[in-house]
Amino acid sequence: MDNKELVIRQAKLYDLPAMSRMERESFDSYQGPDELSKELGKSDGSNYLAVAELADEKVGYANIHIVRGESQLYAIAIDSRFRGQGIGEILLSHMIDKSRELGCSIMTLEVREGNTAAIELYKKMGFTEVGRRKGYYKKEREDAILMDKELASIEINLSVE
Ligand SMILES: CC(C)(COP(=O)(O)OP(=O)(O)OC[C@H]1O[C@@H](n2cnc3c(N)ncnc32)[C@H](O)[C@@H]1OP(=O)(O)O)[C@@H](O)C(=O)NCCC(=O)NCCS
């Protein structure tokens with residue numbers, strides 16, 4: 001895939017059917033179009049949703065919640081036909097940049113311990129494990145891994161002699 005054709009932009013209400021399809025395909029505990037529609041309708045700065053588009057086809061979406069300077073990665077999903085092509089990485093990178101832009105100093109997430117693809121993506125993007133919720137995913141009998149990434153910009157101190 002030529003990533004130059006990939007466009008990442010803020011999600012709009014008209015993206016709802018595609019996002020809902022990807023949500024259903026990617027998550028066992030999907031919330032459904034009503035919840036997604038509520039999320040898309042918020043205009044109080046408490047969240048940000050983005051879609052990834054490849055040649056006008058919606059191939060991924062992500063959702064962050066902003067709580068007191070913390071950006072919580074609520075969801076990220078790539079259409080299964082387009083996984084493994086670098087789109088998740090570009091989309092997550094966009095969400096990290098956006099979190100910084102929105103003034104967040106940290107980004108946090110929870111992931112099922114068996115979700116190797118997601119865990120490897122998060123590690124690659126600089127997230128580290130900071131804790132676990134034992135047996136959080138009841139159906140799979142798996143732990144939730146808590147990860148975070150500091151977003152604060154680097155301070156450079158120059159001293160002039
Ligand atoms: C997790 C997910 C978003 C990754 O998206 P993707 O577009 O396939 O990922 P990319 O192609 O950008 O891969 C980026 C990195 O992620 C890791 N990765 C991706 N797929 C992987 C796999 N199947 N196995 C191991 N590592 C994987 C690798 O580190 C990869 O870097 P590399 O190509 O240099 O090895 C995608 O698999 C998905 O939508 N999964 C279902 C939904 C989900 O579980 N979301 C996360 C929980 S909220």
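**Exercise 1. The shell around the ligand**

Task: Determine which helix gives the most residues to the shell around the ligand, and characterise that shell by element and by class.

Solution. Step 1: Helix H4 is the leading contributor, with 6 residues in the shell. The structure examined here is a predicted model.

Step 2: The ligand is surrounded by 20 residues, of which Arg 83, Gly 88, Ala 117, Glu 120 and Leu 121 are the closest.

Step 3: At least two shell residues come from each of strand S4 (70-78), helix H3 (87-101) and helix H4 (116-124).

Step 4: Sorted by class, the shell comprises 9 nonpolar, 7 polar and 4 charged residues.

Step 5: Confidence in the chain is highest in H4, at 98, and lowest in helix H2 (residues 33-41), at a mean of 93. Over the chain the pLDDT averages 92, and 93% of the residues score at least 70.

**Exercise 2. The order of the sheet**

Task: State in what order the strands of the sheet are arranged, and identify which are the edge strands.

Solution. Step 1: The sheet is open and consists of 7 strands in the order S1-S2-S3-S4-S5-S7-S6, with mixed pairing.

Step 2: Strand S1 (6-10) and strand S6 (128-137) are the edge strands, since each pairs on one side only.

Step 3: Between neighbouring strands of this sheet the average turn is 25°, direction ignored.

Step 4: Helix H1 (residues 16-26) packs on the sheet and touches S2, S3 and S4. The direction of H1 makes about 80° with that of S3.

Step 5: The mixed pairing can be followed strand by strand. S2 and S3 are antiparallel over 8 bridges, S3 and S4 are antiparallel and joined by 8 bridges, and S4 and S5 are parallel over 3 bridges. S6 and strand S7 (residues 142-150) run antiparallel, joined by 6 bridges.

Step 6: Individual positions fix the register. Ala 52 has Gly 60 as its bridge partner in S3, and Ala 50 has Ala 62. Ile 66 is bridged to Ser 71 in S4, Gln 72 stands opposite Thr 108 in S5, and Tyr 137 is bridged to Glu 142 in S7.

**Exercise 3. Positive phi in the turns**

Task: Establish which residue in the turn of the S3 and S4 hairpin has a positive phi, and examine the corresponding positions in the other hairpins.

Solution. Step 1: Most residues other than glycine have a negative phi.

Step 2: The hairpin of S3 and S4 has 2 residues between its strands, and Arg 68 in the turn has a positive phi of about 45°. With 5 other C-beta atoms within 10 Å, Arg 68 is exposed.

Step 3: The hairpin of S2 and S3 also has 2 residues between its strands, and Ala 55 in the turn takes a positive phi of about 50°. Asp 56, in the loop between strand S2 (47-54) and strand S3 (57-67), has a positive phi of about 70° although it is not a glycine. Asp 56 counts as exposed because it has 7 C-beta neighbours inside 10 Å.

Step 4: The hairpin of S6 and S7 has 4 residues between the strands, and Arg 141 has a positive phi near 50°.

**Exercise 4. Buried and open positions**

Task: Decide whether Gly 60 is buried or exposed, then describe how the side chains of S5 are disposed and how many residues of S6 are buried.

Solution. Step 1: Gly 60 belongs to strand S3. A residue is buried if 20 or more other C-beta atoms lie within 10 Å of its own. Gly 60 has 26 such atoms and is therefore buried.

Step 2: Leaving aside residues up to four places away in sequence, the contacts of Gly 60 include Met 22, Val 51, Ile 87, Gly 88 and Leu 91. Asp 79 is also among these contacts; the C-alpha atoms of Gly 60 and Asp 79 are 5.7 Å apart, although 19 residues separate the two along the chain.

Step 3: Side chains alternate along strand S5 (residues 106-112). Met 107, Leu 109 and Val 111 point to one face and are buried, whereas Ile 106, Thr 108, Glu 110 and Arg 112 point to the other and are not.

Step 4: Of the 10 residues of S6, 0 are buried, so S6 lies largely in the open.

Key: Residues are numbered from 1 along each chain as its sequence is written. A residue is near a molecule or strand if its C-beta atom, placed from the backbone, lies within 6 Å of it. Ala, Val, Leu, Ile, Met, Phe, Trp, Tyr, Cys and Pro count as nonpolar, Asp, Glu, Lys and Arg as charged, and the others, Gly among them, as polar. pLDDT is the predictor's confidence in each residue, from 0 to 100. A residue is buried if 20 or more other C-beta atoms lie within 10 Å of its own, exposed if 12 or fewer, and partly exposed in between; C-beta atoms are placed from the backbone. Two strands pair if DSSP finds at least two bridges between them. Axes are lines fitted to C-alpha atoms, for helices over the stretch in contact, and angles run from 0 to 180 degrees between N-to-C directions. Two residues are in contact if their C-beta atoms, placed from the backbone, lie within 7 Å.
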